[in-house]
Amino acid sequence: MTKIIAIANQKGGVGKTTTAINLATALAAIDKKVLLVDADPQGNASTGLGILEENREPSLYQLLTKQEFDILSIKKTSIPKLDIISSSIDLAASEIELAEINNREEVLKKILSKIVGYDFIFIDCPPALGLLTINGLVASRSVIIPLQCEFFALEGLSALTNTIDTIKSGLNSTIDLEGVVLTMFDKRNALSSLVEEDVRSHFKNKVYKTVIPRNVRISEAPSHGKPVLLYDTQCAGSQAYIGLAKEVILNQ
Ligand SMILES: Nc1ncnc2c1ncn2[C@@H]1O[C@H](COP(=O)(O)OP(=O)(O)OP(=O)(O)O)[C@@H](O)[C@H]1O
Ligand SMILES: [Mg+2]
(Lines give C-alpha, C1' and ligand atoms only; values in the text may rest on other atoms or scores of the structure.)
(Ligands and ions follow the chains in the order given, each with its own letter.)
Protein backbone atom coordinates (compact mmCIF):
# COMPACT_ATOMS: atom_id res chain seq x y z
CA MET A 1 0.00 0.00 0.00
CA THR A 2 1.26 3.44 -0.93
CA LYS A 3 0.64 6.22 1.55
CA ILE A 4 0.18 9.55 -0.21
CA ILE A 5 0.91 12.61 1.92
CA ALA A 6 0.48 16.24 0.85
CA ILE A 7 2.80 18.80 2.41
CA ALA A 8 0.77 21.97 2.47
CA ASN A 9 0.48 25.45 3.92
CA GLN A 10 -0.63 28.37 1.78
CA LYS A 11 1.79 30.59 3.65
CA GLY A 12 5.06 30.98 1.72
CA GLY A 13 8.49 30.04 2.98
CA VAL A 14 7.45 27.97 5.99
CA GLY A 15 9.54 24.91 5.12
CA LYS A 16 7.19 22.83 2.92
CA THR A 17 9.79 22.01 0.29
CA THR A 18 12.61 21.53 2.79
CA THR A 19 10.40 19.12 4.71
CA ALA A 20 9.30 17.32 1.53
CA ILE A 21 12.88 16.80 0.34
CA ASN A 22 14.41 15.81 3.65
CA LEU A 23 11.58 13.69 5.01
CA ALA A 24 11.52 11.84 1.69
CA THR A 25 15.29 11.38 1.82
CA ALA A 26 15.27 10.19 5.44
CA LEU A 27 12.60 7.58 4.62
CA ALA A 28 14.48 6.45 1.52
CA ALA A 29 17.60 6.08 3.67
CA ILE A 30 15.79 3.56 5.84
CA ASP A 31 14.86 1.54 2.78
CA LYS A 32 11.40 2.92 2.03
CA LYS A 33 10.63 3.46 -1.63
CA VAL A 34 9.60 7.10 -1.98
CA LEU A 35 8.27 9.33 -4.77
CA LEU A 36 8.26 13.10 -4.44
CA VAL A 37 5.79 14.99 -6.62
CA ASP A 38 6.84 18.59 -7.15
CA ALA A 39 3.49 20.37 -7.48
CA ASP A 40 4.90 23.90 -7.23
CA PRO A 41 5.64 25.90 -10.41
CA GLN A 42 8.67 27.33 -8.58
CA GLY A 43 10.24 23.87 -8.93
CA ASN A 44 12.18 24.17 -5.68
CA ALA A 45 11.94 20.46 -4.84
CA SER A 46 13.25 19.57 -8.31
CA THR A 47 16.16 22.00 -7.94
CA GLY A 48 16.86 20.90 -4.38
CA LEU A 49 17.18 17.31 -5.57
CA GLY A 50 19.55 18.29 -8.35
CA ILE A 51 17.22 17.72 -11.32
CA LEU A 52 18.47 19.98 -14.12
CA GLU A 53 15.86 22.00 -15.98
CA GLU A 54 16.56 20.17 -19.24
CA ASN A 55 15.79 16.84 -17.55
CA ARG A 56 12.40 17.71 -16.05
CA GLU A 57 10.08 16.71 -18.87
CA PRO A 58 7.62 15.16 -19.04
CA SER A 59 6.89 17.20 -15.94
CA LEU A 60 3.79 17.30 -13.79
CA TYR A 61 2.44 19.96 -16.16
CA GLN A 62 2.35 17.52 -19.07
CA LEU A 63 0.67 14.85 -16.93
CA LEU A 64 -2.03 17.26 -15.76
CA THR A 65 -2.58 18.55 -19.28
CA LYS A 66 -2.94 15.08 -20.78
CA GLN A 67 -4.75 13.87 -17.63
CA GLU A 68 -2.67 10.72 -17.96
CA PHE A 69 0.26 9.11 -16.20
CA ASP A 70 3.48 8.72 -18.20
CA ILE A 71 6.17 6.45 -16.77
CA LEU A 72 8.83 8.70 -18.36
CA SER A 73 7.85 11.46 -15.92
CA ILE A 74 9.41 9.50 -13.04
CA LYS A 75 13.03 10.59 -12.69
CA LYS A 76 15.66 9.02 -10.51
CA THR A 77 17.45 11.22 -7.98
CA SER A 78 20.94 10.69 -6.57
CA ILE A 79 19.29 8.93 -3.61
CA PRO A 80 18.78 5.28 -4.54
CA LYS A 81 15.21 4.79 -3.30
CA LEU A 82 13.94 8.30 -3.99
CA ASP A 83 12.31 9.25 -7.31
CA ILE A 84 10.69 12.50 -8.37
CA ILE A 85 8.08 13.85 -10.76
CA SER A 86 9.44 17.30 -11.53
CA SER A 87 7.71 20.59 -11.88
CA SER A 88 8.42 23.24 -14.47
CA ILE A 89 7.48 26.89 -14.69
CA ASP A 90 4.64 26.11 -17.14
CA LEU A 91 2.88 24.35 -14.24
CA ALA A 92 1.67 27.84 -13.29
CA ALA A 93 -0.66 27.63 -16.30
CA SER A 94 -2.31 24.52 -14.82
CA GLU A 95 -4.17 26.65 -12.30
CA ILE A 96 -6.05 28.22 -15.20
CA GLU A 97 -6.17 25.21 -17.50
CA LEU A 98 -7.51 22.89 -14.79
CA ALA A 99 -10.30 25.35 -14.03
CA GLU A 100 -11.76 24.65 -17.45
CA ILE A 101 -12.28 20.92 -17.07
CA ASN A 102 -15.00 18.96 -15.28
CA ASN A 103 -13.15 16.84 -12.77
CA ARG A 104 -10.69 19.65 -12.11
CA GLU A 105 -9.98 18.67 -8.49
CA GLU A 106 -9.34 14.99 -9.22
CA VAL A 107 -6.82 14.98 -12.05
CA LEU A 108 -3.75 14.38 -9.87
CA LYS A 109 -5.58 11.65 -7.95
CA LYS A 110 -6.33 9.87 -11.23
CA ILE A 111 -2.69 10.14 -12.32
CA LEU A 112 -1.24 8.94 -9.01
CA SER A 113 -3.66 6.00 -8.88
CA LYS A 114 -1.69 4.49 -11.80
CA ILE A 115 1.59 4.53 -9.85
CA VAL A 116 2.57 1.39 -7.96
CA GLY A 117 5.56 0.19 -5.98
CA TYR A 118 6.10 3.08 -3.57
CA ASP A 119 5.74 3.07 0.21
CA PHE A 120 5.27 6.83 0.29
CA ILE A 121 4.37 9.53 -2.20
CA PHE A 122 4.86 13.12 -0.98
CA ILE A 123 3.27 16.06 -2.78
CA ASP A 124 5.09 19.36 -2.32
CA CYS A 125 2.28 21.91 -2.67
CA PRO A 126 2.68 25.55 -3.74
CA PRO A 127 2.04 28.46 -1.32
CA ALA A 128 -1.60 28.99 -2.32
CA LEU A 129 -4.96 27.30 -1.87
CA GLY A 130 -5.56 27.09 -5.61
CA LEU A 131 -6.30 24.08 -7.79
CA LEU A 132 -2.79 22.60 -7.55
CA THR A 133 -3.01 22.40 -3.75
CA ILE A 134 -6.63 21.19 -3.95
CA ASN A 135 -5.53 18.46 -6.37
CA GLY A 136 -2.76 17.54 -3.91
CA LEU A 137 -5.22 17.28 -1.02
CA VAL A 138 -7.80 15.31 -2.99
CA ALA A 139 -5.12 12.81 -4.04
CA SER A 140 -3.75 12.30 -0.52
CA ARG A 141 -4.46 10.08 2.45
CA SER A 142 -3.20 12.76 4.80
CA VAL A 143 -1.57 16.18 5.13
CA ILE A 144 1.56 17.35 6.89
CA ILE A 145 1.44 21.06 7.73
CA PRO A 146 4.81 22.72 8.35
CA LEU A 147 4.56 25.77 10.62
CA GLN A 148 7.37 28.25 10.98
CA CYS A 149 8.09 29.21 14.60
CA GLU A 150 7.27 32.88 14.21
CA PHE A 151 4.62 35.26 15.44
CA PHE A 152 2.09 34.76 12.64
CA ALA A 153 2.48 30.97 12.51
CA LEU A 154 -1.19 30.20 13.17
CA GLU A 155 -2.58 33.12 11.24
CA GLY A 156 -4.44 32.08 8.11
CA LEU A 157 -4.28 28.45 9.12
CA SER A 158 -8.05 28.23 9.48
CA ALA A 159 -8.32 28.77 5.72
CA LEU A 160 -6.24 25.62 5.25
CA THR A 161 -8.05 23.55 7.87
CA ASN A 162 -11.41 24.69 6.45
CA THR A 163 -10.27 23.63 2.98
CA ILE A 164 -9.24 20.22 4.35
CA ASP A 165 -12.64 19.88 6.09
CA THR A 166 -14.51 20.77 2.89
CA ILE A 167 -12.52 18.20 0.94
CA LYS A 168 -13.17 15.62 3.66
CA SER A 169 -16.90 16.16 3.45
CA GLY A 170 -16.88 15.85 -0.33
CA LEU A 171 -14.13 14.78 -2.69
CA ASN A 172 -11.91 12.83 -0.27
CA SER A 173 -13.64 11.50 2.84
CA THR A 174 -10.56 9.63 4.08
CA ILE A 175 -8.19 12.61 4.27
CA ASP A 176 -6.74 13.28 7.73
CA LEU A 177 -4.27 15.62 9.30
CA GLU A 178 -1.09 13.52 9.44
CA GLY A 179 0.74 15.99 11.62
CA VAL A 180 2.00 19.50 12.19
CA VAL A 181 5.74 20.02 12.10
CA LEU A 182 7.36 23.06 13.67
CA THR A 183 10.17 24.41 11.50
CA MET A 184 12.98 26.96 11.82
CA PHE A 185 12.89 26.78 15.61
CA ASP A 186 15.45 29.13 17.15
CA LYS A 187 16.26 28.19 20.73
CA ARG A 188 17.87 31.56 21.42
CA ASN A 189 14.62 33.29 20.59
CA ALA A 190 11.96 33.15 23.33
CA LEU A 191 9.28 33.64 20.70
CA SER A 192 10.02 30.20 19.19
CA SER A 193 9.09 28.51 22.48
CA LEU A 194 5.96 30.62 22.86
CA VAL A 195 4.84 29.69 19.36
CA GLU A 196 5.58 26.03 20.09
CA GLU A 197 3.43 26.17 23.23
CA ASP A 198 0.64 27.85 21.35
CA VAL A 199 0.69 25.37 18.47
CA ARG A 200 0.83 22.36 20.81
CA SER A 201 -2.13 23.59 22.83
CA HIS A 202 -4.07 24.11 19.60
CA PHE A 203 -3.19 20.90 17.70
CA LYS A 204 -2.44 18.67 20.75
CA ASN A 205 -0.95 15.28 19.88
CA LYS A 206 -1.05 16.09 16.15
CA VAL A 207 2.16 18.10 16.59
CA TYR A 208 5.31 16.05 16.06
CA LYS A 209 7.64 15.81 19.05
CA THR A 210 10.50 16.46 16.65
CA VAL A 211 11.04 20.16 16.05
CA ILE A 212 13.17 21.25 13.08
CA PRO A 213 15.76 23.80 14.25
CA ARG A 214 16.81 26.83 12.26
CA ASN A 215 20.05 25.51 10.83
CA VAL A 216 22.31 27.13 8.27
CA ARG A 217 23.28 23.76 6.75
CA ILE A 218 19.59 23.22 5.81
CA SER A 219 19.53 26.50 3.90
CA GLU A 220 22.86 25.83 2.18
CA ALA A 221 22.03 22.34 0.93
CA PRO A 222 19.62 23.24 -1.96
CA SER A 223 22.26 25.32 -3.74
CA HIS A 224 24.31 22.11 -3.96
CA GLY A 225 21.31 20.22 -5.37
CA LYS A 226 21.36 17.94 -2.36
CA PRO A 227 19.15 17.14 0.61
CA VAL A 228 20.78 18.29 3.84
CA LEU A 229 21.02 14.63 4.83
CA LEU A 230 23.62 14.14 2.08
CA TYR A 231 25.20 17.57 2.40
CA ASP A 232 25.92 17.24 6.14
CA THR A 233 24.54 14.11 7.76
CA GLN A 234 25.63 15.01 11.26
CA CYS A 235 24.20 18.53 11.47
CA ALA A 236 21.27 19.27 13.75
CA GLY A 237 18.92 19.79 10.79
CA SER A 238 19.65 16.35 9.32
CA GLN A 239 19.25 14.66 12.67
CA ALA A 240 15.89 16.40 13.16
CA TYR A 241 14.58 15.16 9.81
CA ILE A 242 15.67 11.62 10.73
CA GLY A 243 13.66 12.01 13.95
CA LEU A 244 10.65 13.25 11.98
CA ALA A 245 10.86 10.27 9.61
CA LYS A 246 10.81 7.88 12.57
CA GLU A 247 7.63 9.52 13.87
CA VAL A 248 5.99 9.33 10.44
CA ILE A 249 6.80 5.60 10.27
CA LEU A 250 5.34 5.04 13.74
CA ASN A 251 2.05 6.58 12.58
CA GLN A 252 1.94 4.53 9.40
N1 LIG B 1 15.17 24.65 9.35
C2 LIG B 1 15.65 25.58 8.53
N3 LIG B 1 16.75 26.28 8.87
C4 LIG B 1 17.23 27.24 8.03
N5 LIG B 1 16.68 27.56 6.85
C6 LIG B 1 15.58 26.89 6.47
C7 LIG B 1 15.01 25.86 7.27
N8 LIG B 1 13.91 25.37 6.64
C9 LIG B 1 13.82 26.06 5.48
N10 LIG B 1 14.81 26.97 5.38
C11 LIG B 1 15.02 27.93 4.29
O12 LIG B 1 13.90 28.80 4.26
C13 LIG B 1 13.49 29.06 2.92
C14 LIG B 1 12.05 28.60 2.75
O15 LIG B 1 12.00 27.19 2.91
P16 LIG B 1 11.17 26.27 1.92
O17 LIG B 1 11.50 26.58 0.51
O18 LIG B 1 11.31 24.87 2.38
O19 LIG B 1 9.71 26.79 2.26
P20 LIG B 1 8.37 26.58 1.42
O21 LIG B 1 7.26 26.60 2.40
O22 LIG B 1 8.48 25.40 0.53
O23 LIG B 1 8.37 27.90 0.52
P24 LIG B 1 7.33 28.22 -0.69
O25 LIG B 1 6.06 28.59 0.02
O26 LIG B 1 7.96 29.34 -1.43
O27 LIG B 1 7.18 26.98 -1.49
C28 LIG B 1 14.49 28.33 2.04
O29 LIG B 1 15.49 29.23 1.66
C30 LIG B 1 15.04 27.25 2.94
O31 LIG B 1 16.36 26.86 2.56
MG1 LIG C 1 8.16 25.23 -1.54
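## Ligand 1 and the aromatic pairs

An oxygen atom of ligand 1 lies 2.9 Å from a polar backbone atom of G13, a polar contact in the sense of two N or O atoms within 3.5 Å. This is a predicted model, in which local features need pLDDT of at least 70 and side-chain atom pairs count only at pLDDT 80 or more. Side-chain values use heavy atoms, with hydrogens and water left out.

Here are the polar contacts of ligand 1 side by side, G13 included.

| Ligand 1 atom | Protein partner | Distance |
|---|---|---|
| oxygen | G13, polar backbone atom | 2.9 Å |
| oxygen | D40, N or O atom in the side chain | 3.4 Å |
| nitrogen | P213, polar backbone atom | 2.8 Å |

On its own, ligand 1 has 630 Å² of accessible area (Shrake-Rupley method, 1.4 Å probe), and the protein covers 80% of that. Around ligand 1 there are 18 residues, the closest being K16, T17, T18, P213 and N215; a residue counts here if one of its heavy atoms lies within 4 Å. Helix α1 (16-29) and helix α9 (216-220) each give two or more residues to this shell, helices being DSSP runs (H or I) of at least four residues. The most comes from α1, with three residues.

Now to the rings. Two aromatic pairs are found, where ring centres must lie within 6.5 Å, and planes under 30 degrees apart count as stacked, over 60 as edge-to-face and the rest as tilted. F120 and F122 are stacked, at 5.8 Å centre to centre and 10 degrees between the planes. F120 is buried at 0% relative accessibility, buried meaning under 20%, exposed over 50% and partly exposed in between. F122 is buried too, with a relative accessible area of 0%. F151 and F152 are edge-to-face because their planes stand at 65 degrees, with centres 5.0 Å apart. F151 is exposed at 60%, whereas F152 is partly exposed at 43%.

Methods:
Residues numbered from 1 in each chain as written. Chains lettered and ligands numbered in written order. Phe/Tyr/Trp six-rings, centres within 6.5 Å; stacked < 30°, edge-to-face > 60°. Buried < 20%, exposed > 50% of the residue type's maximum accessible area, 1.4 Å probe, protein only. Polar contact = N/O pair within 3.5 Å; in protein donor to acceptor, adjacent residues only side chain to side chain.
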